[in-house]
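Please open the model in your viewer and keep the sequence panel beside it, so that each selection below can be followed in turn.

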Amino acid sequence: MSEIMTYPISDAVTLKSFTDPRFKTMRVSVNMLLPLNKSTAARNAILPSLVGRATREYPDYTALGRRLSYLYGASLGSGVQKIGEYQALGLSAGGIASRYAFGGEDMFAELSGLLLGVLFDPLRDENGLFPEDGFTQEKRQQLEQKDAEFSDKMIYAHQRCHELLFEGRPAGLDRLGSREDIEALTREDLRGAWEELLTGARFEIFTLGDCQPDVDALRERFLKVGMAYKLQPVPYEEPELKRVTECQPVAQSKLTMAFRAQVPAEERLLFQLTSAVLGEPTSSKLFQNVREKQSLCYYCDSAFSWVNNAMFIESGVETDNLDRAEEAILAQITAMQKGEVSEDELKYAKLYMCNHLRAVEDSLHRVESWYMSRAFDQPDMSPEQAAGILTEYTMDDVVQAANRLQPAVVYKLKGGGE
């Protein structure tokens, strides 16, 4: 039987433990959240992958890899996300549960010890600089990631719409920083940056899977790190519609639209249901009417982000159909606002969402993502509780939510440009 336990380490650090013996593995992760800032975004984004390359105990990639192999093929991971107006930097260690270790090792102690070594004792020289070869490689990979996201026009269109929606705000910044800022990074820029992060971030720690955390040991290690501040969603501002069209030599044009709404935390599930009725499952209005009946796009999906107080609608469209697709999408939203929602559309949207919620606890990664998204409010709400709330919403609730959506951005990436 799975359970989630919350242990407040300090005002700046929270530990959540999800124990479930169905899993044969475990995962320990540390997420550091700090406000996005243009001057530090690129610098901060490179740090998790850089510190994860080597520690003083395991001073090169080979030694660290050998240790991971010894721990039954354990893994170290790192990542960078953007959550609202925050940069979320993550480090994790994963491996088999202790009951499967042939040598009787305490795998939680081994994995958490390795992760703490990465966090608190990464390899640097006598001048406090990270090794040059590692820095050069991670910087190159950051630039390659930027290039890959530019080349993937679905990602690029979403990022441009996001940038336009939150122009002038931290939420409009890229999680990796700008390409120019990455190119300008030097090893000297990173001197002391990791210590600044450890003292200035809000910490969300997770232990997941078939393991029992050593809460006292983790409390002792994390008691004096971090900075206490309350996580806040992106403030709602009444939008003025922005229309932007860009041309690039692409085969398939992209249409990305953003809508804003002022949504308190207790209504986030309602707006996610509204998004599902509009454009997520195959029963949705956008799929049935815009994609299937009118054949105006290759895909047409919606998604609601509570932390951004925004709904995004994204589609891939033939260039000649861009304007018609926009009109058709707006027509479906107008229909919802007029109450034209069928019982089947509502029922299938609820089933779609409930199936997703039931699947959360089938994956340690999804469990962590769920509770990370809840760090801003209602932190202990389980997927099961969310499903119970979801089923109570009525057609009138969905119609009222749809009427609160305000158009904010229409971004078109038009094929055929030079």
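**Starting with helix 4**

In this predicted model, begin by selecting helix 4, residues 132–151, whose 20 residues should span 28 Å at 1.5 Å a residue, which agrees with the 29 Å that separates its end C-alpha atoms. Next, colour the buried residues of helix 4, which are Gly134, Phe135, Glu138, Lys139, Gln142, Leu143, Lys146 and Glu149. They cover an arc of only 165° around the axis and therefore sit on the same side of helix 4. In an α-helix there are 3.6 residues a turn, so residues three or four places apart point the same way. If you turn to the other side of helix 4, you will find Asp133 and Ser151, which are exposed. To see what the buried residues of helix 4 pack against, add helix 1, helix 5 (153–165) and helix 6 (179–184) to the selection.

**From helix 1 to helix 7**

Keep helix 1, residues 41–51, and add helix 7, residues 193–200; the two pack with their axes 10 Å apart and at an angle of about 100°. An angle of 65 to 115 degrees counts as roughly perpendicular, and helix 1 and helix 7 are therefore described in that way. Showing side chains here brings up Arg43, Asn44, Leu47, Pro48 and Val51 from helix 1, which meet Ala193, Trp194, Glu196 and Leu197 from helix 7. By class, the residues of this contact between helix 1 and helix 7 divide into six nonpolar, one polar and two charged.

**Ala310 and Asn309**

Move now to strand 10, residues 310–317, and select Ala310, which lies in it. With a relative accessibility of 0%, Ala310 counts as buried. Leaving aside residues up to four places away in sequence, Ala310 touches Leu165, Phe259, Arg260, Ala303, Phe304 and Ser305. A distance drawn from Ala310 to Val234, C-alpha to C-alpha, comes to 9.3 Å, although the two are 76 residues apart in sequence.

Select Asn309 next, which is placed in the loop between strand 9 (299–305) and strand 10. Asn309 has a positive phi of about 50° although it is not a glycine, and at 5% relative accessibility Asn309 counts as buried.

**Last stop: Gln378**

Finally, go to the loop between helix 13 (364–373) and helix 14 (383–390), where Gln378 lies. Is the phi of Gln378 positive or negative? The value is near 50°, hence positive, in a residue other than glycine. Gln378 is partly exposed, with a relative accessible area of 23%.

Technical notes. Residues numbered from 1 in each chain as written. Predicted model: local features only at pLDDT ≥ 70, side-chain atom pairs only at ≥ 80, totals over all residues. Heavy atoms only, no water. Axes fitted to C-alpha atoms, helices over the stretch in contact; angles between N-to-C directions. Helix = DSSP H or I, 4+ residues; strand = E, 2+ residues; numbered from the N terminus. Parallel < 35°, antiparallel > 145°, perpendicular 65-115°, else oblique. Contact = heavy atoms within 4.5 Å. Nonpolar A, V, L, I, M, F, W, Y, C, P; charged D, E, K, R; others polar. Expected span 1.5 Å × (residues − 1). Buried < 20%, exposed > 50% of the residue type's maximum accessible area, 1.4 Å probe, protein only. Arc of directions from axis to C-beta.
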